[in-house]
Amino acid sequence: MKKVYQLVLLILFFTSYVSLAQTGPGGVGNSASNRIWLQSDKITSLNDNDPIVTWSDNSGNSNDVTQPNASFQPIFKTNILNGKPVIRFSGSNDRLRKTAFATFPTTAITEYMVHKNSGESNDATLSYASTASDNDFLLFSSNSVMLYRGGSTSNTSTAINDNSWHIVGTSWKNAVPNPNTRFYYDGTQTYSANNFVTGTSITANGCFAIAAEQDAVDGAYDATQDNDGDFAEIIIYNFALNQAQRIIVENYLAAKYLINISASGNDYYSFETTHGNDVAGIGRKTSETHTDAQSSKILEVSNPSGLGDNEFLLFGHDNTSISSWTNTESPDGGINIKRIAREWRFDETGDVGTTTFTIDTTLLPARPVGYSKFVLLVDADGDFSSGASVYEMCSPSSNQYYEV
């Protein structure tokens with residue numbers, strides 16, 4: 001059973017607070033575990049066909065990927081995927097890389113990329129080389145994606161070179177329980193291995209490269225093994241996501257880029273066309289759970305009281321501005337109440353029970369004179385001027401406000 005409702009925050013400002021919530025993609029992970037997060041739509045200073053010198057990391061770790069050599073710079077392409085820009089690699093040995101990557105995952109890793117290419121084979125999409133191995137961690141061969149790790153190759157038998165956009169995910173960990181390696185294609189697991197190079201570790205402080213294969217640390221790039229394709233987003237975690245976390249991240253990417261994952265049976269969010277921004281969520285798949293998530297670093301949902309198997313609560317917003325206060329579509333004609341314009345939409349599968357809603361005021365504008373409380377509105381039809389439920393929020397500590 002699915003239940004949907006809409007929510008708006010009517011926020012009357014106190015002092016700010018920095019949240020320690022799960023602020024990574026889909027509300028999974030934070031800067032400690034989300035080691036790199038590259039989003040093409042966060043680039044705001046370039047025009048169509050401009051070369052890319054730096055693709056900035058949004059994980060909070062400043063692991064930017066760069067290319068100082070103009071001969072190997074990919075280009076910025078606007079309005080390609082769901083109105084969003086992408087990074088296009090089309091020249092011989094085009095690549096972006098992060099050298100001396102001190103915090104690259106060593107004992108477990110999950111990688112996601114939103115990617116499109118046509119007819120590629122023998123190509124590298126994501127490459128990591130270290131002093132221990134030129135291919136310490138490598139995804140290559142888009143006609144049948146292979147994972148190379150610790151001197152061994154694992155063939156997923158999954159093609160991603162059909163000139164369509166795909167959400168591609170890989171996870172590996174150096175220890176059981178099994179399986180320790182998985183591959184995902186548009187939300188569907190297409191491959192798993194039980195004991196692929198267990199007991200080994202990736203060596204840190206190497207070079208991470210996009211769209212090219214290294215046969216030395218940031219060197220010996222082979223043009224016959226480069227990837228000519230588009231990338232919209234790349235995510236790397238330093239742990240193997242559990243099944244609930246994986247599903248949430250895939251729903252976040254699917255909603256953002258309008259990529260269909262319904263064939264996987266794990267599409268839990270229905271409002272991607274209207275509220276597809278910063279989708280985050282909580283949920284449970286078998287015994288694996290994710291119970292704390294934050295959307296756009298503002299709205300956090302946590303502590304579900306009755307989270308059962310295959311139950312999820314996902315939420316995203318309409319990308320309306322949060323830079324000022326308004327009384328448009330407010331209860332009581334906006335008398336003595338102001339709101340931010342942004343609205344979140346919730347999609348609940350099953351019944352997750354009661355939850356804690358928390359807001360972080362860091363990104364919000366200064367409070368209007370004479371206003372002193374935070375309230376939260378929940379409404380079924382999206383018109384908050386009438387019929388909305390109003391919840392006054394309290395501050396347990398540090399002026400971070402929530403309603404249970």
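This passage describes the largest pocket and the aromatic contacts of a predicted model.

The largest pocket encloses about 470 Å³ of space. Its lining comprises 26 residues, and Gln39, Lys42, Asp278, Ser296 and His317 are the ones that lie nearest the centre of the pocket. Two or more lining residues come from each of strand 2 (34–39), helix 1 (243–257), strand 18 (277–285) and strand 20 (292–295). Of the contributing elements, strand 18 gives the most, with 4 residues. By residue class, the lining of the largest pocket divides into 13 polar, 7 charged and 6 nonpolar residues.

Aromatic side chains form a second group of features, with a count of 11 aromatic pairs in the model. One of these joins Phe104 and Phe208, whose rings are 6.1 Å apart from centre to centre, with 35 degrees between the planes; the pair is tilted. Phe104 is located in the loop between strand 7 (96–101) and strand 8 (108–117), whereas Phe208 belongs to strand 16 (residues 206–210), so the pair ties together parts that are 104 residues apart in sequence. Both partners fall under the 20% limit for burial: Phe104 is buried, with a relative accessible area of 2%, and Phe208 is likewise buried, with a value of 0%. These two residues also belong to one aromatic cluster, formed by Phe101, Phe104, Tyr128 and Phe208.

A further pair is formed by Phe315 and Phe346. Their ring centres lie 4.9 Å apart and their planes meet at 10 degrees, so the pair is stacked, given that planes under 30 degrees apart count as such. The contact links distant parts of the chain, since Phe315 lies in strand 22 (residues 311–317) and Phe346 in strand 23 (residues 343–349), 31 residues apart. Phe315 counts as buried, at 0% relative accessibility, and Phe346 also counts as buried, at 0%.

Arginine side chains are also placed over aromatic rings. Arg95 lies over the face of Phe72, at 4.2 Å from the ring centre. In another such arrangement, Arg345 lies over the face of Phe271, with a distance of 4.1 Å from the ring centre.

Technical notes. Residues are numbered from 1 along each chain as its sequence is written. This is a predicted model: local features need pLDDT of at least 70, side-chain atom pairs count only at pLDDT 80 or more; totals for chains, interfaces and linings use all residues. Side-chain values use heavy atoms; hydrogens and water are left out. On a 1 Å grid over the protein atoms alone, a cavity is a set of points where a 1.4 Å probe fits but cannot get out, and a pocket is an open set with protein on both sides within 12 Å along at least five of seven lines; lining residues have an atom within 4 Å of a point. Grid points are joined across faces, edges and corners, and a volume is the space filled by probe spheres set on the points. Ala, Val, Leu, Ile, Met, Phe, Trp, Tyr, Cys and Pro count as nonpolar, Asp, Glu, Lys and Arg as charged, and the others, Gly among them, as polar. Rings of Phe, Tyr and Trp (its six-membered ring) pair if their centres lie within 6.5 Å; planes under 30 degrees apart count as stacked, over 60 as edge-to-face and the rest as tilted. Buried means under 20% relative accessible area, exposed over 50%, partly exposed in between (1.4 Å probe, protein chains only). A charge sits over a ring if NZ of Lys or CZ of Arg is within 6 Å of the ring centre and within 35 degrees of the ring normal.
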